[in-house]
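With the structure open in your viewer, please follow the stops below in order, making each selection before reading on.

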Amino acid sequence: MDTAHAVIVGAQGVIGRNLAGHLLKQGWRVTGLSRRGGEATERQTHIAVDLLDEADTHSKLTTLRNVSHVFYAAYQDRPSWAELVAPNMAMLRNGIDAIEAASPTTLRHVSLMQGYKVYGAHLGPFATPAREEDGGRHMPPEFNVDQQDFLRARQQGKAWTWSAIRPSVVGGFALGNPMNLAVAIAVYASISKELGLPLRFPGKPGAYDRLLEMTDAGLLAQATVWAATTPAGANEAFNIANGDLFRWSGMWPRIARYFDLELAPPLPLQLSVVMADKASLWQQMQVKYGLVRHDYARELSPWSFADFVFSWDYDMFADTSKSRRAGFHSYVETEAMFIAIFDDLRRRKVIP
């Protein structure tokens, strides 16, 4: 893959960071797109660009020659599901327009990162295990569905192909990401320990015993590149998850043991409320334990997303047999994933 040039749209998120690392290990050349940009290395460059701005996008991306693969993992958050459609559609459209214009003859594949929202999982109980053919069969608005429809229509008559990757909640290292559950759990547990409190599951009572799954960011990177480079992945969608199911009632005691915390019964808490005043405490902990000075509110507080995940008082999992039938067989044990992420956060001195 020495000649492959990948553009990662959303390169600073938990998905984009891990995807870049995987591609670089395989010998790809990588260009990362994000609002903040990044530090260049021998085979990775970064472009700071506002994909919501069509003029800025075309101006910044005119230099993207000989792009072979686009991995789209960008996301713009908004207060309501309906408000998500316009910005997330605009970013995808502006990005593809500019990259196609800059690399009209070399583009081979566009990979779209989605999620279980295509099944209506964010709205309430849905049919499980969700299968790929179930996607888009609920009342709009839903930007994930609109994005796939856009790619499918755009690809007609083109030499390049597309794939849609549908992970569950993604676990991996990234700070400042609004959808990083592992960081939320690690910070919540660390503050609980500092205050001498037991670790309580903060979600809805019914969520403690429901079946769910997660997707390791490294596993997701492997699957994403596999789908983008195998003929079996052309113009197909795939559910990608670790391969095991769990209940918080079984996982939460193991998380408590990792942090050497006493376990107490669940207590419904809105983390976005009860953790909002803990910035000064975290600053004290950074000094006390020699932690890296990350900004509490901006980098370490994905509380709204954690509240959302912990509110799922219904099963949340999908059928991943389609990817296995097509040739992708990797898996990750979810407990091992959590431990690896917590260990990484400690090595980086993000948490005590």
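Begin with helices H7 and H13, where H7 passes H13 in a right-handed crossing; bear in mind throughout that the model is predicted. To bring the pair into view, select residues 248–258 for H7 and residues 334–347 for H13, whose axes come within 11 Å and cross at roughly 30°. Because angles under 35 degrees count as roughly parallel, H7 is roughly parallel to H13.

Next, show the side chains where these helices meet: on H7, select Trp248, Met251, Arg254, Ile255 and Tyr258, and on H13, select Thr334, Glu335, Phe338, Ile339, Phe342, Asp343 and Arg346, which they meet. Coloured by character, the residues of this contact of H7 with H13 divide into seven nonpolar, one polar and four charged.

Now step back to the whole chain and colour its two domains separately, taking 5–169 together with 216–240 as domain 1, and 171–214 together with 245–317 and 330–348 as domain 2. If you place a marker at the C-alpha centre of each, the markers for domain 1 and domain 2 will lie 27 Å apart.

How many residues of domain 1 are in contact with domain 2? Selecting the boundary gives 23 residues of domain 1 in contact with 22 residues of domain 2. The area buried between domain 1 and domain 2 is about 1900 Å², and carbon and sulfur atoms give 64% of that area. As a last selection, pick Val14, Val169 and Asp216 in domain 1, the residues on that side that lose the most area to domain 2, together 34% of what the domain 1 side buries.

Key
Residues are numbered from 1 along each chain as its sequence is written. This is a predicted model: local features need pLDDT of at least 70, side-chain atom pairs count only at pLDDT 80 or more; totals for chains, interfaces and linings use all residues. Side-chain values use heavy atoms; hydrogens and water are left out. Axes are lines fitted to C-alpha atoms, for helices over the stretch in contact, and angles run from 0 to 180 degrees between N-to-C directions. Helices (H or I, at least four residues) and strands (E, at least two) are DSSP runs, numbered from the N terminus. Angles under 35 degrees count as roughly parallel, over 145 as roughly antiparallel, 65 to 115 as roughly perpendicular and the rest as oblique. A crossing is left-handed if the near helix is turned anticlockwise from the far one by less than a right angle, and right-handed if clockwise. Contact means heavy atoms within 4.5 Å. Ala, Val, Leu, Ile, Met, Phe, Trp, Tyr, Cys and Pro count as nonpolar, Asp, Glu, Lys and Arg as charged, and the others, Gly among them, as polar. Domain bounds come from an automatic or database domain assignment. Buried area is the accessible area (1.4 Å probe) that two parts lose on being put together, summed over both.
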